[in-house]
Amino acid sequence: MLRISAFRLLGRTGASRLSLLEDFSLRHYSSDPLGVREDTRDARAYFTTPIFYVNAAPHIGHLYSALLADALCRHHRLRVPSAAATRFSTGTDEHGLKIQQAAAAAGLAPSELCDRVSAQFQQLFREADISSTDFIRTTEARHRMAVQHFWGVLKARGLLYKGLYEGWYCASDECFLPEAKVTRQPGPSGDLCPVSLESGHPVSWTKEENYIFRLSQFREPLQRWLRGDPQAITPEPFHHAVLQWLEEELPDLSVSRRSSHLHWGIPVPGDDSQTIYVWLDALVNYLTVIGYPNAEFKSWWPTTSHIIGKDILKFHAIYWPALLLGAGMSPPHRIYVHSHWTVCGQKMSKSLGNVVDPRTCLDRYTVDGFRYFLLRQGVPNWDCDYYGEKVVKLLDSELAFALGGLLNRCTANRINPSGTYPAFCTTCFPSEPGLVGPSGRAQAEDYALVSAVATLPKQVADHYDNFQIYKALEAVSSCVRQTNGFVQRHAPWKLNWESPVDAPWLGTVLHVALECLRVFGTLLQPVTPSLADKLLSRLGVSATERGLGELHFLPRFYGHPCPFEGRRLGPETGVLFPRLDQSRAWLVKTHKT
Ligand code: MSP
């Protein structure tokens with residue numbers, strides 16, 4: 001319907017014209033620029049990060065998990081602006097053998113260690129602009145109540161039984177391992193010690209009577225769920241991997257420990273001699289946050305998206321959905337999986353002494369700079385390597401030079417002395433190349449730019465849906481480059497505002513470039529919130545004009561009025577992003593990481 005009215009507005013007739021217009025313009029102008037309004041209207045969304053172990057201070061891998069969730073959540077808010085529609089939780093995982101042992105090693109009471117490290121995570125997330133709505137600690141009373149209730153439901157449904165468990169347990173990973181997943185490695189004294197094949201962490205033999213969950217009953221229901229919803233686990237290789245695991249036998253799962261061995265946890269209801277397994281405890285956090293077991297939780301479950309690292313896929317894609325099905329609930333809507341960061345080619349670990357402190361990085365590269373780096377370089381399907389020069393190179397080229405330079409070129413007093421959003425001249429830049437008359441100045445590449453930027457919001461939304469945020473940023477960066485090419489090609493600094501021939505074209509070049517910048521600023525909000533705010537404020541875009549629903553790119557080109565035309569730009573507030581290679585000359589010499 002909109003296509004037809006836009007067509008009428010332009011006052012043209014004839015099928016061939018319509019198809020040309022569709023190619024260049026109408027296709028990209030819609031009252032729903034993303035084509036997403038239908039499925040997201042009133043849609044509630046609940047995003048979660050994993051809850052973080054408090055055995056050690058946060059590192060950049062933890063921050064990355066939280067940033068991915070933050071960017072997804074912020075992008076969702078741009079689509080569905082009602083704040084009430086979105087929930088975003090994070091928190092700390094404070095029980096279990098791992099924490100009990102870490103506290104003992106540090107000579108602290110477990111609760112002291114938990115308070116200390118949980119506060120570090122909260123501080124980091126505040127500094128990194130993580131826009132979570134909830135922070136949960138598993139040592140809170142509300143959580144203990146939720147876990148014990150959940151346990152009661154499983155028990156009442158006949159899914160827990162007592163049995164003898166015998167096998168390998170890895171305290172670092174808090175998981176049981178079959179013999180095939182254990183190998184031997186020389187320990188500190190040279191003797192061969194059993195370790196987990198996957199993580200390399202030490203394992204020990206455990207034999208005790210525990211409560212056991214009938215996990216084996218859920219193999220087929222899990223297969224049906226995953227086969228019926230190919231996007232349940234994204235990206236696809238992880239979905240495939242889980243289905244592969246489910247081809248093998250799925251043994252029942254021990255879900256408690258002897259309290260004499262593990263006292264730091266939630267007691268099994270009605271049996272104080274047993275403590276609930278930390279993963280069952282931890283996974284229920286996702287329900288505690290939304291008010292479980294009170295009925296209010298049902299308005300958030302299962303519209304849930306879990307963001308997790310690949311190392312905890314089995315817990316989230318097998319144990320958790322099976323526990324939920326067992327408790328009579330649906331599996332989560334989406335599980336988004338990411339890979340890991342290494343440092344200078346090595347796994348990050350305390351023993352190697354190469355753990356990168358995220359707060360130092362936020363200080364060095366700025367909050368928005370480091371957020372941009374992690375999300376632009378982090379590829380969910382593969383591990384990524386971190387080193388300092390890489391950050392500086394990327395941020396200087398994409399944020400300082402390309403984006404900051406573009407803004408400067410269009411707003412500097414010398415080129416834009418009136419400090420306004422200039423008018424767009426439809427004669428200089430008609431809506432299709434075939435209509436370029438004697439006073440038309442637009443070239444084929446300019447139409448390519450308009451087409452690229454017009455489709456960018458949809459492209460970016462698709463990348464977010466596929467959990468490929470780095471591709472969304474790559475697409476934005478490529479359009480920034482194209483826009484710089486456009487400005488370079490038409491060299492507005494060589495045009496003269498006083499000349500009646502130059503002035504309309506000069507205004508048009510600036511108008512198009514500012515429109516491109518408005519799109520970039522809007523789309524960058526989920527990743528670099530402060531930088532995007534600075535950019536949009538400089539363009540004079542008000543707070544109510546920053547959502548994706550309002551993002552109509554270059555409306556004048558499509559025959560619509562432009563609310564920005566003639567508007568004063570916002571105040572000049574300094575460079576958009578500072579060059580790091582100048583201010584951080586020490587970095588190359590002294591800091592590899
Ligand atoms: N406590 C469990 C999660 C329970 S969720 C119900 C846990 N905690 S963790 O602190 O070890 O890890 C939290 C998140 O950080 C996980 O998603 C994990 O993949 C991620 N990362 C840990 N090291 C990482 C890297 N080196 N790189 C990227 N992410 C990494 O597991």
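**Note on the parallel sheet, helix H4 and the H16–H18 pair**

1. In E3, the strand that covers residues 134–137, Arg137 is the bridge partner of Thr92. The model under discussion is a predicted one, and the pairing of Thr92 with Arg137 belongs to a set of four bridges by which E2 and E3, running parallel, are joined.

2. On the pairing of E2 with E1, the strand of residues 45–53, the model shows seven bridges in the parallel sense, and within this pairing Thr48 has Ser89 in E2 as its bridge partner. Strand E2 spans residues 86–93, and eight of its eight residues are buried, so the strand is largely enclosed by the rest of the structure.

3. Strand E1 also pairs with E14 (residues 304–309), again in the parallel sense, here over three bridges; one bridge partner in E14 is Ser305, which is matched with Phe47.

4. These pairings belong to an open sheet of six strands, whose order is E3-E2-E1-E14-E15-E9 and whose pairing is parallel. Its edges are formed by E3 and by E9 (233–234), each of which pairs on one side only. Helix H4 packs on this sheet, where it touches E1, E2, E14 and E15 (334–338), and the direction of H4 makes about 170 degrees with that of E1.

5. The connection between two of these strands deserves its own remark: E1, helix H4 (residues 60–79) and E2 together make a right-handed β-α-β unit. His76 is found in H4, and because its relative accessibility is 10%, below the 20% limit, this histidine counts as buried. Leaving aside residues up to four places away in sequence, His76 touches Ala43, Ala45, Phe47 and Thr86. Among these contacts, Phe47 is the residue that has Ser305 as its bridge partner in E14.

6. A separate point concerns helix H16 (residues 444–465) and helix H18 (residues 502–524), whose axes come within 10 Å and cross at roughly 20 degrees. Angles under 35 degrees count as roughly parallel, and H16 and H18 are therefore roughly parallel to each other. The crossing in which H16 passes H18 is left-handed.

7. As to the residues through which these two helices meet, H16 contributes Asp446, Leu449, Val453, Leu456, Pro457 and Val460, while H18 contributes Trp505, Val512, Cys516, Val519, Phe520 and Leu523.

How values were computed
Residues are numbered from 1 along each chain as its sequence is written. This is a predicted model: local features need pLDDT of at least 70, side-chain atom pairs count only at pLDDT 80 or more; totals for chains, interfaces and linings use all residues. Side-chain values use heavy atoms; hydrogens and water are left out. Buried means under 20% relative accessible area, exposed over 50%, partly exposed in between (1.4 Å probe, protein chains only). Two strands pair if DSSP finds at least two bridges between them. A crossover is right-handed if, with the strands pointing away from the viewer, the path from the first strand over the helix to the second runs clockwise. Axes are lines fitted to C-alpha atoms, for helices over the stretch in contact, and angles run from 0 to 180 degrees between N-to-C directions. Angles under 35 degrees count as roughly parallel, over 145 as roughly antiparallel, 65 to 115 as roughly perpendicular and the rest as oblique. A crossing is left-handed if the near helix is turned anticlockwise from the far one by less than a right angle, and right-handed if clockwise. Contact means heavy atoms within 4.5 Å.
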